[in-house]
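Student: Before we begin, could you show me the model, so that I can ask how its labels are justified?
Tutor: Here it is, and I will set each value against its cut-off.

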Amino acid sequence: MFKTIVVAVDGSEGSKKAIRYGAQMQAQYEGELLMLTVFRHHSLLEGSMSMVRPQTPENIDDAMRGYAREVADEAKVLAKEAGATRFRAFIKSGQPARTIVKFSAEHNADLIVVGSRGMGDIEGFLLGSVSHKVTSLASCPVLVV
Ligand SMILES: Nc1ncnc2c1ncn2[C@@H]1O[C@H](COP(=O)(O)OP(=O)(O)OP(=O)(O)O)[C@@H](O)[C@H]1O
Ligand SMILES: [Mg+2]
């Protein structure tokens with residue numbers, strides 16, 4: 001039923017829980033687990049960059065990509081620990097929710113798993129904006145952990 005499972009990974013506790021669910025479901029349904037970390041390209045960042053010390057856009061992009069890679073590597077370790085037998089981790093740049101939904105459609109995902117909260121940690125919100133947008137834009141079922 002859920003053969004291709006996409007887990008959205010941002011390094012937060014919420015997404016770690018999502019990885020554990022996704023990993024167990026992958027093993028149970030004997031499908032494939034695809035984990036995706038989205039980082040923002042500098043052109044997508046709003047004008048706040050002038051507040052930090054001068055950096056070239058290339059450096060910013062490299063730093064964002066490097067961090068995304070670390071998060072993706074950690075995701076593979078967690079997936080394996082949670083029992084996943086077939087899994088891959090990807091990184092992509094773009095707007096998180098749109099990129100997660102597009103990636104899932106391209107891979108014919110049967111299920112998208114997201115954490116209810118991410119790195120934002122603003123108390124009082126019931127659902128993060130990325131998980132909210134993914135649930136409204138996706139054309140397959142979404143599991144919010
Ligand atoms: N950049 C990202 N790449 C991949 N998945 C992400 C990304 N950001 C969020 N997610 C997914 O969405 C879930 C919820 O995170 P979300 O960003 O919606 O909440 P938040 O950070 O608490 O709030 P907000 O970002 O709206 O301030 C995460 O647990 C993760 O599964
Ligand atoms: Mg967030």
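Tutor: In this predicted model, D62 has a relative accessible area of 47% and is classed as partly exposed.

Student: Why is D62 called partly exposed?
Tutor: The label exposed requires over 50% and buried requires under 20%; D62, at 47%, meets neither condition and is therefore partly exposed. R65 has a relative accessible area of 29%, so this residue is partly exposed by the same reasoning.

Student: What makes the contact between D62 and R65 a salt bridge?
Tutor: The criterion asks for a side-chain nitrogen of Lys or Arg within 4 Å of a carboxyl oxygen of Asp or Glu, and the N to O distance between the side chains of D62 and R65 is 3.6 Å, so the pair qualifies. As for their placement, the two residues are three apart in helix α2 (residues 57-81), which means that about one helical turn separates them.

Student: How do you know that E106 and K102 form a salt bridge, and which exposure class does each residue have?
Tutor: Their closest N and O atoms are 3.2 Å apart, and because the limit is 4 Å, the pair counts as a salt bridge. E106, at 49% relative accessibility, is partly exposed, whereas K102, at 55%, is over the 50% limit and therefore counts as exposed. Both belong to helix α3 (residues 96-106), where they are four residues apart, about one helical turn.

Student: Why is E32 called buried, and what is the class of its partner R88?
Tutor: E32 has a relative accessible area of 14%, which is under 20%, so the label buried applies; R88, at 40%, counts as partly exposed. The side chains of E32 and R88 meet in a salt bridge with an N to O distance of 2.9 Å, and this pair links distant parts of the chain, since E32 lies in strand β2 (residues 32-39) and R88 in strand β3 (residues 87-93), 56 residues apart.

Student: How many salt bridges are found in the whole structure?
Tutor: The search finds six, and E13, K16 and E74 are linked in a network of such bridges.

Student: What makes the approach of V38 to ligand 1 a polar contact?
Tutor: A backbone N or O atom of V38 lies 2.8 Å from a nitrogen atom of ligand 1, and because the cut-off for a pair of N or O atoms is 3.5 Å, this is a polar contact. Taken alone, ligand 1 exposes 610 Å², of which the protein buries 86%.

Conventions: Residues are numbered from 1 along each chain as its sequence is written. Chains are lettered from A and ligands numbered from 1 in the order in which they are written. This is a predicted model: local features need pLDDT of at least 70, side-chain atom pairs count only at pLDDT 80 or more; totals for chains, interfaces and linings use all residues. Side-chain values use heavy atoms; hydrogens and water are left out. Buried means under 20% relative accessible area, exposed over 50%, partly exposed in between (1.4 Å probe, protein chains only). A polar contact is a pair of N or O atoms within 3.5 Å; within protein, one must be able to donate a hydrogen and the other to accept it, and residues adjacent in sequence count only if both atoms are side-chain atoms. Accessible areas come from the Shrake-Rupley method with a 1.4 Å probe; for residues, only the protein chains shown count as cover.
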